[in-house]
Amino acid sequence: MEPPGLKSSSSKFSRLEQTDRVQLRLQGMQKYRNTSQRLRSLARELEKGEVNVTDLKNSIEQAAAVLEAVYIGETRWLLDSEKELGNIQADSVPLEVRDWLESTFSRRTGVSWRHPQEKPRFRSIVHAVQASIFVERMYRRTSNVSALIFPVAVTEALKDIDQWSFDVFTLQEASGEHSLKFLLYELLNRYDLINHFRIPIPALVSFVEALEVGYSKYKNPYHNLTHAADVTQTTHFLLLHTGITHWLTELEILATVFAAAIHDFEHPGTTNNFQIQSR
């Protein structure tokens, strides 16, 4: 039997430990962001000089990109941990942590609080942090989506992408015979794989367009890019409606969708036996 008071003390310790982790991550996020801004500022200053500093500038830009990537990773962790943050009680948070949050996330240039009661509560600051992270995440997602413009007819054709009755021929016609490009892009975005793996949009579009060229190489009447789009959508349907996505990692989902999209690349239209016999 658990001794009296042990459960409450362990719970309090867990909350304090949780708060310490949140504080360290928040401080790390701010540090990464400040460093990134400083590096970019330095790059701009060097660019105005007379000395050729292209190599140095590129190195600084690369360092800034790395720091930003770490910052995005930290904010994603914080967003995924919003339930933990929501359970934190203001009374259990050390005073110095609350002061640091208030000074960091509620700073107003040239404005001082008139009365102590006007200072934001710890709970409201946590919500503000969560909201800003959510907005940033949604902004990144919509930025990626807007990188590939979807015609209205294509958007309409993709409405049934989750259904067994999905009509790939309608998509093929609506997309100007680019059904594989639009369908694969849509699925990678739906599974949030573009953001998760930080896939460059131009590279992705170029890759899928090269896939379509390969599928059209032999003018195969069946194993063509329409068939590839059809199989990819069917694979998505099975992943979605069997619930198997809950048992797969992001990498495994990417591999599954990727394999479906490329499975008949440059298919010559003949059987395996013909390939063997004809060598």
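**Helix α11 and its surroundings**

Among the elements that cover the buried residues of helix α11 are α7 (168–174), α8 (179–190), α10 and α12. The model is a predicted one, and its mean pLDDT is 75, with 47% of the residues reaching 70 or more. Over residues 107–114 the pLDDT falls below 50, and this stretch has six contacts in the model beyond near neighbours in sequence. Residues 142–146 likewise have a pLDDT below 50, and for this stretch, too, the model shows six contacts beyond near neighbours in sequence. Where pLDDT is low, the predicted coordinates should not be read in detail.

Helix α11 itself runs over residues 225–242, and its 18 residues span 26 Å from the first C-alpha to the last, close to the 26 Å expected at 1.5 Å a residue. At its N-terminal end the helix is capped by N224, a side-chain oxygen of which lies 3.2 Å from the backbone nitrogen of T226. At the other end, α11 is followed by G243, a residue with a positive phi, near 80°. The buried residues of α11 include L225, T226, H227, A228 and A229, and further along the helix T232, Q233, T235, H236, F237 and L239 are buried as well.

Two of the covering helices, α10 and α12, also pack against one another. Two packed helices are described by the angle between their axes and the distance between the axes. For α10 (residues 201–215) and α12 (residues 250–262), the angle is about 35° and the axes are 10 Å apart. On the α10 side the contact is made by F207, L211 and Y215, while α12 contributes F258, A260, A261 and I262. Sorted by class, this contact of α10 with α12 comprises seven nonpolar residues, with no polar and no charged ones.

The loops that lead into α8 and α10 deserve a separate look, with attention to backbone geometry. Most residues other than glycine have a negative phi, and most peptide bonds are trans. E177, which is not a glycine, nevertheless has a positive phi of about 65°, and its place is in the loop between α7 and α8. Because its relative accessibility is 56%, E177 counts as exposed. R198, also not a glycine, has a positive phi of about 50° and sits in the loop between α9 (193–196) and α10. With a relative accessibility of 48%, R198 counts as partly exposed.

Terms used. Residues numbered from 1 in each chain as written. Heavy atoms only, no water. Axes fitted to C-alpha atoms, helices over the stretch in contact; angles between N-to-C directions. Helix = DSSP H or I, 4+ residues; strand = E, 2+ residues; numbered from the N terminus. Contact = heavy atoms within 4.5 Å. Nonpolar A, V, L, I, M, F, W, Y, C, P; charged D, E, K, R; others polar. Expected span 1.5 Å × (residues − 1). Buried < 20%, exposed > 50% of the residue type's maximum accessible area, 1.4 Å probe, protein only. Polar contact = N/O pair within 3.5 Å; in protein donor to acceptor, adjacent residues only side chain to side chain. pLDDT = per-residue confidence, 0-100.
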